[in-house]
Amino acid sequence: MPQVCIDARGLTQVFDDGHRRNVVLDHVDLRLDFGEMVAVVGPSGSGKSTLLNILGLLSPPSEGTCILDGVDVTAMDPGDRARTRLEKIGFVFQSFHLIDHKTALANVELPLKYLGLGKQECKDAAHRMLDELGMGHRSDARPSVLSGGEKQRVAIARALVSRPKVLLCDEPTGSLDSRRSTEVLEILREQTGCHQTTVIVTHDPWVAEQCDRVLTLADGRLVETRATDVVMVDGRGTEAGVGTGIEAGVDGDEAATGAATETISVSGPNATSTSPTRTPVPARELNGRKREKWFRTSLVEAADAVSCRLRRNILTTLGVVLGVATLILTSGLSTTIAGQISDAFDVFRAQRVVLTQTNRDALTADQAVELAAGPGFAALDRLNGVTAKAVVRPVTSGVETVTTVPEQRQQFDGRVQGPLLSATPGIFEAQRQRIEEGRGFDEGHMARRDRVAVIGRALLNSLGVTWTPGLTLYVGTVPITVMGVASENPSLSDKHGAVYLPLGVGLEGHDGGPTSVVLATTPGAASQVGREAPTALMPDKPGAFAASVPPEPESLRRVVDQQQRYLLLGVSGVTLLLGAIGIMNTFLVAVLERRKEVGVRLALGARPLGIVTQFSAEAVLTSAMGTGLGIALALDALATISLVNHWQPVLRMDTVLCGAIAGLAVGLLAGSYPAWRAGRTDPVETLMHA
Ligand code: ADP
Ligand code: MG
């Protein structure tokens with residue numbers, strides 16, 4: 001084992017703020033041996049913390065080289081620096097910098113977790129360390145309930161649990177009273193043992209006095225101002241002042257050999273006095289053998305952090321909850337409703353074939369009656385699947401005004417407009433309308449050309465009258481006796497409120513419109529009937545009538561779905577966007593709030609990429625909670641709405657999947673920028689200058 005722990009040469013740190021070059025360290029040479037406890041003193045702003053940050057690999061020097069435990073760390077890449085920090089360096093700060101949401105034990109476990117130790121190993125080692133520092137009884141306490149002295153002991157335990165080679169303390173007693181300071185100093189002395197070098201930055205002369213060596217920083221130069229009595233006694237004497245000290249880097253080799261033998265004698269007394277209390281050092285032995293598990297640890301840490309801020313994170317994710325719920329619910333509702341609509345259409349429209357005249361010369365009323373009485377119309381009954389048939393002919397070319405009294409005035413309540421149709425008695429069955437009141441007309445009415453009618457319920461309602469036998473309505477001055485009222489068929493919206501007269505009845509001054517034949521079919525027969533009916537009706541002139549067949553129910557459903565879905569997807573997209581903004585905002589604030597925590601993690605040896613991973617994972621986890629809640633909410637709402645409306649809920653799996661992916665993607669996208677910011681945190685700035 002090399003005796004020299006740190007050998008730094010020509011360390012120079014220059015801060016250039018654009019206007020002024022601030023030379024904080026000016027070619028500082030420094031050699032520290034294992035077993036030494038060294039104080040660095042100097043006026044405020046002299047560069048003590050800066051030196052500590054360089055030794056701790058938190059910030060690279062402008063110039064100079066540094067060999068730590070036999071390894072040149074000068075030109076290491078950030079990943080190796082992080083790893084070296086993790087394995088060989090411990091930090092203790094004036095303001096403790098414990099992670100607030102973790103217990104004392106969890107704080108101490110953290111470096112071991114980053115090192116990749118198993119759960120139980122971490123726990124055992126952390127417990128041992130806390131016991132060693134007399135904090136075993138407080139291991140479940142959170143930092144907020146600990147006193148300053150206790151916090152500092154936990155912080156020291158965290159720094160030492162991985163058994164580092166170098167312990168760097170920046171004003172470790174700065175926030176403590178003299179009794180606690182004494183305790184901390186005793187602990188540091190005890191823990192330094194002979195395998196570790198402890199550097200203590202302090203402005204307290206008493207603290208400096210407790211150390212083996214005192215180095216003073218002033219004007220960028222480091223000077224050894226005093227060697228302790230122990231060193232003097234052991235004959236390190238004047239040479240130590242020069243040799244291990246500062247400007248004597250020239251005779252490095254000689255000094256090194258000299259120091260090697262001397263250091264043993266220096267640390268000798270310490271080693272004997274402290275070794276009984278020093279427990280075995282599992283972590284140190286594991287270093288280098290165990291694979292560092294920064295990725296997995298980052299994920300575990302993310303889960304930990306999210307669960308500690310559960311209430312707040314649920315609020316944060318409310319936008320995602322609503323977005324995902326809207327997405328799934330709207331999509332689910334649209335398929336459910338479309339199912340109902342399509343069912344309605346399926347029943348009425350898919351079982352209806354209409355044959356319309358292709359000829360521009362409309363049949364006259366008499367010709368229509370002839371058609372209805374002819375062999376072609378009768379032949380339609382023999383087509384497979386035809387259940388009802390009727391001939392229909394508009395009495396007038398447009399809609400007519402129907403009034404309750406023979407009245408010519410334009411403005412009075414009892415007038416509405418509706419189509420005036422003449423038809424064979426089978427029309428209501430063919431159009432699946434029921435005679436709700438009174439009765440329908442028959443062949444006799446047709447033969448006598450009676451001015452009687454069955455009217456649609458909608459027209460009667462609009463007129464505001466109720467049906468009674470003998471009810472008479474007027475078209476112009478022509479009275480029509482209403483025999484009955486027919487229900488409306490929702491799929492025949494253009495015929496709502498129609499007035500049906502017996503076929504053959506005409507209206508003076510009106511030619512009427514083209515004749516058509518309406519056929520009701522059994523389910524699935526419509527297409528076939530549509531193909532055969534024109535020929536059956538007019539064997540000599542099959543082209544005279546053309547069949548219109550209802551659209552396939554599936555395509556109808558798709559059209560309805562598509563339009564609704566685009567609209568509703570838009571709505572949920574906007575909600576999700578709001579959710580994303582919410583998450584991004586909260587996490588940006590969180591990154592600022594948790595700068596210290598991030599700084600501590602980096603100082604402990606976490607990689608910047610690990611920090612990015614942790615914060616991204618936190619955002620995704622947060623939005624995952626929102627996604628889960630959103631899905632549950634949507635399912636609940638869909639079930640309730642369907643139950644109330646007596647619908648059959650239809651929810652497609654891909655809709656739920658789509659919602660889940662959207663929710664998680666929102667978390668990842670919204671979290672990535674804050675996470676990137678977190679990864680760029682400068683630990684020096686957050687920890688030292690706080
Ligand atoms: P000490 O710990 O001895 O009080 P520091 O090492 O914190 O002093 O600071 C030494 C000098 O370097 C101060 O003048 C400080 O303003 C400057 N300094 C430290 N860090 C930075 C930085 N990141 N950028 C610019 N100047 C810095
Ligand atoms: Mg400082």
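These exercises work through parts of a predicted model, each with a stepwise solution. Local features need pLDDT of at least 70, side-chain atom pairs count only at pLDDT 80 or more, and totals for chains, interfaces and linings use all residues. Residues are numbered from 1 along each chain as its sequence is written, chains are lettered from A and ligands numbered from 1 in the order in which they are written, and side-chain values use heavy atoms, with hydrogens and water left out.

**Exercise 1. The sheet with β2**

Task: Find the order of the strands in the 4-stranded open sheet, and name its edges.

Solution:
- Step 1. Fix the terms. Strands (E, at least two residues) and helices (H or I, at least four) are DSSP runs, numbered from the N terminus. Two strands pair if DSSP finds at least two bridges between them.
- Step 2. Read the order. It is β2-β1-β4-β5, with antiparallel pairing.
- Step 3. Find the edges. β2 and β5 (71-72) each pair on one side only.
- Step 4. Look at one pair. β1 (residues 4-16) and β2 run antiparallel and share 9 bridges. In one of them, Asp-16 has Arg-21 of β2 as its partner.

**Exercise 2. Positive phi**

Task: Place His-27 and Leu-57, then decide for each whether it is buried or exposed or in between.

Solution:
- Step 1. Set the scale. Buried means under 20% relative accessible area, exposed over 50%, and partly exposed in between (1.4 Å probe, protein chains only).
- Step 2. Take His-27. It is not a glycine, yet its phi is positive, about 45 degrees. His-27 sits in strand β2 (residues 21-33). Its relative accessibility is 41%, so His-27 is partly exposed.
- Step 3. Take Leu-57. Its phi is near 60 degrees, again positive in a residue other than glycine. Leu-57 belongs to the loop between α1 (48-55) and β4 (63-68). With a relative accessible area of 3%, Leu-57 is buried.

**Exercise 3. Strand β19**

Task: Why is β19 largely enclosed, and which strands pair with it?

Solution:
- Step 1. Count burial. In β19 (residues 516-521), 6 of the 6 residues are buried, so the rest of the structure largely encloses this strand.
- Step 2. Sort the directions. Ser-516, Val-518 and Ala-520 point one way, and Val-517, Leu-519 and Thr-521 the other.
- Step 3. Find the partners. β11 (residues 352-357) runs antiparallel to β19, with 5 bridges. β12 (residues 386-403) is also antiparallel to β19, over 6 bridges.
- Step 4. Check Ser-516. Thr-356 stands opposite Ser-516, and Val-392 has Ser-516 as its bridge partner.

**Exercise 4. A contact across the sequence**

Task: How far apart are Leu-168 and Thr-198 in sequence and in space?

Solution:
- Step 1. Place Leu-168. It lies in β7 (residues 166-170). Its relative accessibility is 0%, so Leu-168 counts as buried.
- Step 2. Compare the separations. Leu-168 and Thr-198 are 30 residues apart in sequence, but 6.0 Å apart from C-alpha to C-alpha.

**Exercise 5. Ligand 1**

Task: Which residues come nearest to ligand 1, and which polar contacts can be listed?

Solution:
- Step 1. List the neighbours. There are 12 residues around the ligand (a heavy atom within 4 Å). Gly-45, Gly-47, Lys-48, Ser-49 and Thr-50 come nearest.
- Step 2. List contacts to ligand oxygen atoms. A polar contact here is a pair of N or O atoms within 3.5 Å. The side chain of Ser-49 has an N or O atom at 2.8 Å. A backbone N or O atom of Gly-47 is at 3.0 Å. For Asn-22, a side-chain N or O atom is at 3.5 Å.

**Exercise 6. Empty space**

Task: Describe the second largest cavity and the second largest pocket.

Solution:
- Step 1. Define both. On a 1 Å grid over the protein atoms alone, a cavity is a set of points where a 1.4 Å probe fits but cannot get out. A pocket is an open set with protein on both sides within 12 Å along at least five of seven lines. Lining residues have an atom within 4 Å of a point. Points are joined across faces, edges and corners, and a volume is the space filled by probe spheres set on them.
- Step 2. Take the cavity. The model has 9 cavities of 30 Å³ or more. The second largest has a volume of about 70 Å³. α21 (553-593) gives the largest share of its lining, 3 residues.
- Step 3. Take the pocket. The second largest has a volume of about 350 Å³. Of its 18 lining residues, Leu-363, Gln-367, Leu-371, Met-538 and Phe-545 are closest to the centre. α15 (365-373) and α16 (375-379) each supply at least two lining residues.

Notes. A polar contact is a pair of N or O atoms within 3.5 Å; within protein, one must be able to donate a hydrogen and the other to accept it, and residues adjacent in sequence count only if both atoms are side-chain atoms.
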